[in-house]
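Work through the following exercises with the structure open beside you, and try each task before you read its solution.

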Amino acid sequence: MIGVAINGYGTIGRRVAYGVSIQDDMYVTGIVKNSPDYVTKLASRNFNIYTPDMDKKREFEAHGIRVKGTLEDLLSESNIVVDGTPEGNGEKNLKLYRQYGIKAVLEGGEKSTVVESSFNSYSNYPKSLNKNYVRVVSCNTTALARSVSPLKEKFGVQEVNATIMRRATDPNDNKKGPINAIEPSMSYPSHHAEDLKTVMDGINVETSAIKVPTTLMHVHVINLELKSEPGIDEVISELSTKRRLILINDKEGVNSTAQVMDYARELSRNRSDLYEIAIWKGSINIYKNKVHYIQAVHQESDVIPENIDAIRAMFGTDPDLSRDKTDASLGIKGVEY
């Protein structure tokens, strides 16, 4: 059994903790929280609570929250740590992880240069086998790699051109995000292009990013230039082979991110999460060797299967075995809606 520490229990950390807790080959040794808030109190019902240091430990106990120890105590009791701390902290924390000789998974906000490999389960799982420090790429990059990789394997991809409409912030965050505005990124290509290249070799990528006033999902408008000229049925068939992609039907009322998330709620999953990338079937079009499609990305949860797979990869588990176990536990069935 792999003992997994969760350092940071925010949007990603709490979902990774849940995902780990339902696997049959790993368990949560504890979570590290920085504030004695309502999230901590609820988490203490299911997990051992640790704090960054002794001062924080005393603060938590003053709020009636039982604390088992500090981050360093947790690291000494674990086999691997998933770092879900705010962007930039993962690189700093790596020094401590190395000191304790513990493997670590960082998230997509960290630099790719600070780890041994970046990870996406579909596009480059083998590159993280038995590594010590791995980064799961961001929610947007995960989504791009997940839908582009099967088409690349089957037909060959010469160029990826994607426009990324980003949600302003997550639903529980009232501190940031445009309220009555659309905010374009002035960088071209946006940082997503280089990030995608860290998990997909040999492709040209151009991306643009626009931040929009919603909290539900990201939306990607994707155009691929392929090396061959498949028919539309061939493209649909290939996308349908991957469980972590679902094809949704706009003609049956799923024509916006609101309906996509309502569909996710009907699945009755933990936190109503949608781990799959939702591709609108009606948006799939082909002109000669160019494929166009539009996909929706639940930014809070699409990287959770990747985190679970990354942990297994770092301990040498076969890719197909890991994906099968992860998908079965999370209820990912790959059905067409």
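**The annotated domain**

The UniProt record, an unreviewed entry, places the feature "domain: Glyceraldehyde 3-phosphate dehydrogenase NAD(P) binding" at residues 2-139. Keep in mind throughout that the model is a predicted one.

**Exercise 1.** Describe the span of residues 2-139 by its end-to-end separation and its helix and strand content.

*Solution.* Begin with the two ends, whose C-alpha atoms lie 25 Å apart. Then turn to the secondary structure, where helix accounts for 36% of the span and strand for 24%.

**Exercise 2.** Decide whether Leu75 is buried or exposed, and list its contacts beyond its sequence neighbours.

*Solution.* First locate Leu75, which belongs to helix 4, residues 71-76. Next compare its relative accessible area of 2% with the cut-off for buried residues, which is under 20%; Leu75 is therefore buried. Finally, once neighbours within four places in sequence are set aside, Leu75 is in contact with Val81, Leu96, Tyr97, Tyr100 and Ile102.

**Exercise 3.** Find which members of the largest nonpolar core touch the most other members, and which element supplies the largest share.

*Solution.* This core has 36 residues, of which Val4, Ile6, Val20, Ile31 and Ile311 touch the most other members. Several elements supply at least two residues each, including strand 1 (2-7), helix 1 (11-21) and strand 2 (26-32), but the largest share, six residues, comes from helix 11. To follow one member in detail, take Ile6, whose contacts more than four places away in sequence include Val16, Val28, Ile31 and Val82. Apart from this core lies another, of 31 residues, among them Val148, Leu224, Ile236 and Leu247.

Key:
Residues are numbered from 1 along each chain as its sequence is written. This is a predicted model: local features need pLDDT of at least 70, side-chain atom pairs count only at pLDDT 80 or more; totals for chains, interfaces and linings use all residues. Side-chain values use heavy atoms; hydrogens and water are left out. Helices (H or I, at least four residues) and strands (E, at least two) are DSSP runs, numbered from the N terminus. Buried means under 20% relative accessible area, exposed over 50%, partly exposed in between (1.4 Å probe, protein chains only). Contact means heavy atoms within 4.5 Å. A nonpolar core is a set of buried Ala, Val, Leu, Ile, Met, Phe, Trp, Tyr and Cys residues joined through side-chain atoms within 4.5 Å. UniProt positions are given in the numbering used here, feature names are shortened, and annotations may be inferred rather than shown by experiment.
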